[in-house]
Amino acid sequence: MEVTNVTEYQAIAKEKLPKMVYDYYASGAEDQWTLEENRNAFSRILFRPRILIDVSKIDMTTTILGFKISMPIMVAPTAMQKMAHPEGEYATARAASSAGTIMTLSSWATSSVEEVASTGPGIRFFQLYVYKDRNVVAQLVRRAERAGFKAIALTVDTPRLGRREADIKNRFTLPPFLTLKNFEGLDLGKMDEANDSGLASYVAGQIDRTLSWKDVQWLQTITKMPILVKGVITAEDTRLAIQAGAAGIIVSNHGARQLDYVPATIMALEEVVKAAQGRVPVFLDGGVRRGTDVFKALALGAAGIFVSFSPS
């Protein structure tokens, strides 16, 4: 089948992937209202097209944190990509580099920062979860910096994992032939089976629930990489992030996988942009499926868009 629309990949994935894996990528939290709303909200934003403008020469290039890229579309972090394909994050890194844009590698990747760096040149950011053991965090951040990563995307909306009912039903766990490669040598790379979701149990045991704004400042003491705060959807938190020294804001509801019944990110974008007042760039994560979605987000003030291969 010739794919002519991004949404068609979802049907192909459902056919090819094991149910546990597909459900992990495709599902949201609880009733999945926000999962649907992330997409549906775009349909309520309409264009007022202007005409008779010379469009014979189009330049989509832009600059993100000083790095020139081919378009304002970047690759969002998606965990455990080798569950979907043996090449996993390697393929994503090569594709992003070939497209001239930025890839963001997940902390919970099935390829390490060093392995992804070895795929060749490219501008790469690193998504960070803060573990209870801060030595682990510091070590990982420094490894990413040595491997040539250019920024940290600090996820701030996951002090505990959202109630993802599909993962509970499936007793989700990482397949035995895979590990969380960034933590492999620290005995933190495996995920035990549990009575509900193995990932939820892993997060409960490892992720630091005391994470606060002071930790954004702490990260700046251990790295020269700029910190993007990922998971902001309110003006109040935007102002706090800027006060804490964030170099940018990623408007995100974690692909609707954390707290259900929060606004779609495109609906929260304008509030965050107004609160930022141009002091830092604001990016959008979530719900984008068409080029028209990108233009809507840019028109509302986004400096760029992060997209992932999960339907959220």
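Which residues lie nearest the centre of the second largest pocket? They are Ala26, Ser27, Gln32, Leu35 and Glu36. The model is predicted. The protein has 12 helices and 10 strands. Its radius of gyration is 19 Å, close to the 20 Å that the globule rule gives for 312 residues, so the protein is as compact as a globular protein of that length.

**Overall build**

- The C-alpha trace spans about 60 × 50 × 40 Å along the principal axes of the protein.
- Of the 312 residues, 50% are buried.
- The protein exposes about 14,800 Å². Carbon and sulfur atoms supply 53% of that area.
- Contacts between residues at least 6 apart in sequence often reach further along the chain: 69% of them join residues at least 24 apart.

**The second largest pocket**

- This pocket has a volume of about 280 Å³.
- Its lining consists of 16 residues.
- By class, the lining holds six charged, five polar and five nonpolar residues.
- Three helices each supply at least two lining residues: helix 2 (19–26), helix 3 (33–43) and helix 7 (165–170).
- Helix 3 gives the most, with four residues.

**Two residues with positive phi**

- Most residues other than glycine have a negative phi. Two residues of this model, Leu52 and Ala256, have a positive one.
- Leu52 is not a glycine, yet its phi is about 55°. Leu52 lies in the loop between helix 3 and strand 1 (62–64).
- Helix 3, which comes before that loop, is also the helix that gives the most to the pocket lining.
- Ala256 is not a glycine either, and its phi is about 65°. Ala256 is found in the loop between strand 8 (248–251) and helix 11 (265–276).

**Buried or exposed?**

- Is Leu52 buried or exposed? Leu52 has a relative accessible area of 85%. The cut-off for exposed is over 50%, so Leu52 counts as exposed.
- Is Ala256 buried or exposed? Ala256 has a relative accessible area of 0%. Buried means under 20%, so Ala256 counts as buried.
- Both residues sit in loops, Leu52 after helix 3 and Ala256 after strand 8. Leu52 is exposed there, whereas Ala256 is buried.

Note on methods
Residues are numbered from 1 along each chain as its sequence is written. This is a predicted model: local features need pLDDT of at least 70, side-chain atom pairs count only at pLDDT 80 or more; totals for chains, interfaces and linings use all residues. Side-chain values use heavy atoms; hydrogens and water are left out. On a 1 Å grid over the protein atoms alone, a cavity is a set of points where a 1.4 Å probe fits but cannot get out, and a pocket is an open set with protein on both sides within 12 Å along at least five of seven lines; lining residues have an atom within 4 Å of a point. Grid points are joined across faces, edges and corners, and a volume is the space filled by probe spheres set on the points. Ala, Val, Leu, Ile, Met, Phe, Trp, Tyr, Cys and Pro count as nonpolar, Asp, Glu, Lys and Arg as charged, and the others, Gly among them, as polar. The radius of gyration is taken over C-alpha atoms; the globule rule is 2.2 Å times the number of residues to the power 0.38. Buried means under 20% relative accessible area, exposed over 50%, partly exposed in between (1.4 Å probe, protein chains only). Contact means heavy atoms within 4.5 Å. Accessible areas come from the Shrake-Rupley method with a 1.4 Å probe; for residues, only the protein chains shown count as cover.
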